[in-house]
Amino acid sequence: MNYDQARYGDEDRYEPLLSEKDTTSVDVDEASPLPEDLTRDSLELPRLSEPELARHYTRLSQMNWSVESGPYPLGSCTMKYNPSFTEDVAADPSGAVHPDRSDGTIQGTLELLYGLQDYLARIGGMDAVTLQPPAGAAGEFTGILVAKAYHEANDDERSEVIVPASAHGTNFASAAMAGYDVVELPSGEDGRVDLEALEAAVSEETAALMLTNPNTVGVFERDIEEIAEIVHDAGGLLYYDGANLNALLGQARPGDMGFDVMHYNVHKTFATPHGGGGPGAGPVGVTEELAEFLPSPQVREREGHYELYEPEQSIGKVHGYQGNWLVLVKAYAYIARLGDAGLKDAAAKAVLNANYLASQIDLDIPYGPFHHEFAATAGDRDAADVAKRMLDYGVHPPTTKWPEFVPEAMLTEPTEAESLDSLEDLADAFDSAMNDSTEEIESAPSKTTAGRIDQAAAARNPRLSWRALGEEE
Ligand SMILES: Cc1ncc(COP(=O)(O)O)c(C=O)c1O
């Protein structure tokens with residue numbers, strides 16, 4: 001038994017490392033140009049046939065949960081299915097060009113980037129877009145830096161950014177990292193922005209209000225025009241957290257609501273892979289007044305020729321070259337394939353699916369009417385226990401215990417990608433887990449590869465290689 005077996009406590013679920021299988025030693029006798037302390041003269045390699053190797057990786061992939069295994073209704077995260085045709089487009093070898101090549105020799109690459117800037121600007125109701133930031137959170141940080149540069153250019157130094165208490169943690173972090181004091185705005189009784197509280201919080205120190213709409217409980221901020229007026233009258237800017245844009249695609253645009261700057265989480269809206277904080281994309285859109293502060297380089301078109309340029313008062317670079325090219329190719333392919341009508345339909349179905357699922361479960365949903373997601377409450381049960389039990393019913397659970405103002409919250413977002421059958425499976429999993437005994441839910445999950453893990457320790461103290469874990473043990 002090794003450390004993983006000890007950890008899982010069940011030999012059946014253990015998948016040995018390739019190096020723990022039958023190995024063979026290969027002698028390396030060729031002289032190497034590398035320094036001696038970096039080379040070795042023999043190498044242990046696993047002795048495996050191709051089917052054994054394929055099965056090993058298939059088993060490993062089955063130990064994990066993905067949207068290709070079943071529904072994944074993680075509220076706020078929009079775990080929609082990534083259609084595989086986008087992979088084909090991104091895998092086209094003609095797209096593999098060195099980013100240092102001169103503009104004239106990469107016209108196709110620049111045309112695609114320009115096209116994506118344009119698509120996103122039109123979808124968001126913005127005037128200009130940068131594709132550089134590598135994740136939603138990086139987009140927030142970039143957007144707030146752009147807002148700061150705008151104020152500074154107007155000799156208008158401001159010190160505060162207002163963030164609703166229900167906002168994603170990254171909003172607070174982005175504002176603080178950009179050097180602002182964060183003013184927390186409590187939610188009103190109906191879960192929306194409380195206009196009186198906003199009036200009290202806004203001042204000549206307000207650089208921006210960060211908001212998502214529909215908000216974190218899926219409810220549309222219907223006073224958005226008034227909110228925009230309050231912030232703008234005080235000289236502040238309105239920042240749109242694009243995490244919930246999937247509910248609005250083709251139906252409404254943040255720019256038309258009065259937002260001045262926004263980020264797009266392309267993994268939540270345009271079916272690209274999640275970034276894990278970095279290798280994704282979080283483009284930022286802005287109105288005309290802010291365009292000259294965008295990161296460099298931007299792509300523009302002049303008489304049919306595409307070129308890179310540096311906006312006049314650019315905040316500089318936030319990523320190498322033009323951002324994560326292949327992720328951007330996938331976003332472009334997805335938007336182009338769906339078109340206006342397809343995007344509009346995706347948003348409508350995301351909202352319909354959330355409302356249908358909500359109608360099928362017995363849990364109380366304190367805030368509404370909601371759009372693409374809803375915050376149910378597990379009542380007197382522990383939301384995290386119910387969620388763990390749902391894993392035993394073959395579905396991924398929703399986001400739990402967030403937002404905090406919903407007691408024992410189960411923030412649920414099925415996305416447009418789920419069929420009627422899978423929504424009904426999800427509803428069954430909710431109700432079955434809620435009706436199971438305390439003993440059953442407290443010891444769940446029992447049918448997954450790993451049982452209860454210490455989530456806080458895993459997040460705060462990650463061991464990212466088996467070697468590090470092995471050395472520790
Ligand atoms: C509301 C909201 N804002 C921002 C983010 C950050 O996005 P990313 O994970 O791409 O950094 C998330 C991520 O889950 C989110 O839910």
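**Exercise 1. Determine which elements and residues line the second largest cavity, and of which classes those residues are.**

Solution. Begin with the elements: α4 (107–124) and β10 (298–302) each supply at least two residues of the lining of the second largest cavity. Since the model is predicted, every value in these exercises is to be read as computed from that model. Next, list the residues, which are L113, Q117, T130, L131, Q132, P297, Q298, V299 and Q322. Then sort them by class, which gives 4 nonpolar, 5 polar and no charged residues. Finally, add the volume, for the second largest cavity holds about 50 Å³ of space.

**Exercise 2. Describe the largest cavity by its volume, its central residues and the classes of its lining.**

Solution. As a general point, rolling a probe the size of a water molecule over the atoms shows where empty space is left. Counting cavities of 30 Å³ or more gives 2, and the largest of them contains about 100 Å³ of space. Its lining is made up of 14 residues, of which P164, S166, L211, N215 and E221 are the closest to its centre. By class, this lining divides into 6 nonpolar, 6 polar and 2 charged residues.

**Exercise 3. Work out which residues surround the ligand, and which polar atoms of the protein lie beside its oxygen atoms.**

Solution. First take the shell around the ligand, which consists of S76, A135, G136, A137, E140, H168, T170, D241, A243, N265, H267 and K268; by class it has 3 nonpolar, 6 polar and 3 charged residues. Second, look for N or O atoms within 3.5 Å, the cut-off for a polar contact. A backbone N or O atom of A137 is found 2.8 Å from an oxygen atom of the ligand, while an N or O atom in the side chain of N265 lies 2.9 Å from a ligand oxygen atom, and a polar side-chain atom of H168 is 3.4 Å from an oxygen atom of the ligand. Third, consider cover: the ligand taken alone exposes 390 Å², and the protein buries 86% of that area. Fourth, assign elements to the shell, where α5 (136–153) and α10 (266–269) each give two or more residues, and where α5 gives the most, with 3 residues.

**Exercise 4. Identify the pocket that holds the ligand, and characterise its lining.**

Solution. The ligand takes up the space of the second largest pocket, whose volume is about 400 Å³. Among the 28 residues lining this pocket, the closest to its centre are S76, H168, T170, N265 and K268. The elements that give two or more residues to the lining are α5, α6 (169–177) and α10, and the largest share, 3 residues, comes from α5. Sorted by class, the lining of the second largest pocket has 7 nonpolar, 17 polar and 4 charged residues.

**Exercise 5. Locate the cis peptide bonds before P214 and P445, and the positive phi of S76.**

Solution. Recall that most residues other than glycine have a negative phi, and that most peptide bonds are trans. N213 and P214 are joined by a cis peptide bond, with omega about 0°, and P214 belongs to the loop between β6 (206–211) and α8 (224–233). A cis peptide bond also joins A444 and P445, again with omega about 0°, and P445 is in the loop between α14 (438–443) and α15 (455–460). As for S76, its phi is positive, near 80°, and S76 lies in the loop between α2 (50–62) and α3 (85–90); S76 is also one of the residues surrounding the ligand.

Definitions and conventions
Residues numbered from 1 in each chain as written. Predicted model: local features only at pLDDT ≥ 70, side-chain atom pairs only at ≥ 80, totals over all residues. Heavy atoms only, no water. Near = heavy atom within 4 Å. Polar contact = N/O pair within 3.5 Å; in protein donor to acceptor, adjacent residues only side chain to side chain. Areas by Shrake-Rupley, 256 points an atom, 1.4 Å probe, with all protein chains shown as cover. 1 Å grid on protein atoms, 1.4 Å probe; cavity = no way out; pocket = protein on both sides within 12 Å on 5 of 7 lines; lining within 4 Å. Sits in = over half its atoms within 2 Å of the grid points. Helix = DSSP H or I, 4+ residues; strand = E, 2+ residues; numbered from the N terminus. Nonpolar A, V, L, I, M, F, W, Y, C, P; charged D, E, K, R; others polar. Points joined across faces, edges and corners; volume = space filled by probe spheres on them.
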